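These are my notebook entries on one structure, written down as I looked things up. I try to keep each entry to one topic.

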Amino acid sequence: MANSHYFTLTIAILALASSLTYASDPSPLQDFCVALNDSKTAVFVNGKFCKNPKLAKADDFFFSGLRNAGNTSNPVGSAVTQANVAQIPGLNTLGISLVRIDYAPNGLNPPHTHPRATEALIVLEGTLYVGFVTSNPENRLFTKVLNKGDVFVFPEGLIHFQFNAGKTNAVAIAALSSQNPGVITIANAVFGSNPPISPDVLAKAFQVDKNVIDHLQGQLWWDNN
């Protein structure tokens, strides 16, 4: 009977360990898996069809888009240029991606989350005020002013932001621990959802008059990605 209990406990622990292993992008079981939209003669791995490795080429692992500054002439004064599996097919199954973020003076990368990735950001030019907020119930705010060469980490899933605190343009590069980290901009999701969330729900949640919610839902919520 005791052996049976030990066996059951062992199985439960192994199951838990297995579930934790897949908390982020799974590790590849091959050298690479170049993403492919055409399903013919392809294998489906990690959300994408894989090109036959013998047909892979250098361009599958290349992207030049991060050399170009994004257009910050928009309401939030920032632009995010992505380099994930959609732009670099060779990233498929490799569990990493990049973004370039350009900020005008007073430009903001608004509070947002990445549901599938931790982010490590390095400032290339300018000065940024950055921060993230921990989960309930503490909701603790961590902030830092970053200068050129400084690095800051935003833990997976937590709300975070960057604000250009300087008088000149700023540029940052961020690495994310997923080939497709996803992004949820808080204001856009809450006040700009399609179809809209009931104003009664939001008025109750934010403890404000319904007219305030009607005003916020009537705004144009800019997507800087």
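Is F142 buried, partly exposed or exposed? I looked this up before anything else, bearing in mind that the model is a predicted one. F142 has a relative accessible area of 30%, so I noted it as partly exposed, since the partly exposed class lies between the buried limit of under 20% and the exposed limit of over 50%.

**Entry: the chain as a whole**

I then stepped back to the protein chain, whose secondary structure I recorded as four helices and 13 strands. The chain has 225 residues, and 32% of them count as buried. I also noted an exposed area of about 13,500 Å², of which carbon and sulfur atoms supply 60%. For contacts with a separation of 6 or more, I found that 69% are between residues 24 or more positions apart.

**Entry: the sheet with β4 and β10**

In what order do the five strands of the open sheet that contains β4 and β10 stand? I read the order as β4-β5-β12-β7-β10, with antiparallel pairing. I marked β4 (78–83) and β10 (151–154) as the edges, because each has a single partner strand, so that one side of each is left without a neighbour in the sheet. From one strand to the next, the twist averages 20 degrees.

I reminded myself that strands of a sheet pair through backbone hydrogen bonds, either parallel or antiparallel. I then went through some of the pairings in this sheet:

- β4 pairs with β5 (residues 97–103) in the antiparallel sense over six bridges, and A79 has D102 in β5 as its bridge partner.
- β7 (residues 119–125) is joined by six bridges to β12 (residues 170–176), and the two run antiparallel; here I122 stands opposite I173 in β12.
- β7 also pairs with β10, in the antiparallel sense and over four bridges, and L121 stands opposite F152 in β10.

**Entry: the sheet with β9 and β13**

I found another open sheet of five strands, which has the order β9-β8-β11-β6-β13 and antiparallel pairing. Why did I mark β9 and β13 as edges? Both β9 (141–146) and β13 (184–185) have a single partner strand, so one side of each is left without a neighbour in the sheet. Within this sheet I looked at β6 (residues 108–113) and β11 (residues 159–164), which run antiparallel and are joined by three bridges. The bridge partner of H112 there is H160 in β11.

**Entry: nonpolar cores**

Which residues touch the most other members of the largest nonpolar core? The core has 18 residues, and I wrote down Y103, L121 and L128 as the answer. The elements that give two or more residues to this core are β5, β7, β8 (128–133), β10 and β12, and β12 provides the largest share, with four residues. I followed L128 further: leaving aside its neighbours within four places in sequence, its contacts include Y103, L121, V123, L146, F163 and A172. I also noted a second, separate core of six residues, with A35, A83, V85 and I88 among them. As a general point for my own understanding, nonpolar side chains tend to be buried together in soluble globular proteins.

**Entry: aromatic pairs**

How many aromatic pairs are there? The count comes to six, and I looked at two of them in detail.

F132 and F142 form a stacked pair, with 5.0 Å from centre to centre and 15 degrees between the planes. Because F132 lies in strand β8 and F142 in strand β9, the pair ties together parts that are 10 residues apart in sequence. F132 has a relative accessible area of 9% and is buried, whereas F142, with which I began, is partly exposed.

F191 and W221 also form a stacked pair, with 5.8 Å from centre to centre and 25 degrees between the planes. F191 lies in helix α2 (residues 186–191) and W221 in the segment after α4 (210–217), so this pair ties together parts that are 30 residues apart in sequence. F191 counts as buried at 12% relative accessibility, while W221 is partly exposed, with a relative accessible area of 27%.

Which residues do ring pairs link into a cluster? My last note lists F132, F142, F152 and F154.

How values were computed: Residues numbered from 1 in each chain as written. Predicted model: local features only at pLDDT ≥ 70, side-chain atom pairs only at ≥ 80, totals over all residues. Heavy atoms only, no water. Pairing = 2+ DSSP bridges. Axes fitted to C-alpha atoms, helices over the stretch in contact; angles between N-to-C directions. Buried < 20%, exposed > 50% of the residue type's maximum accessible area, 1.4 Å probe, protein only. Contact = heavy atoms within 4.5 Å. Areas by Shrake-Rupley, 256 points an atom, 1.4 Å probe, with all protein chains shown as cover. Core = buried A, V, L, I, M, F, W, Y, C linked by side-chain atoms within 4.5 Å. Phe/Tyr/Trp six-rings, centres within 6.5 Å; stacked < 30°, edge-to-face > 60°.
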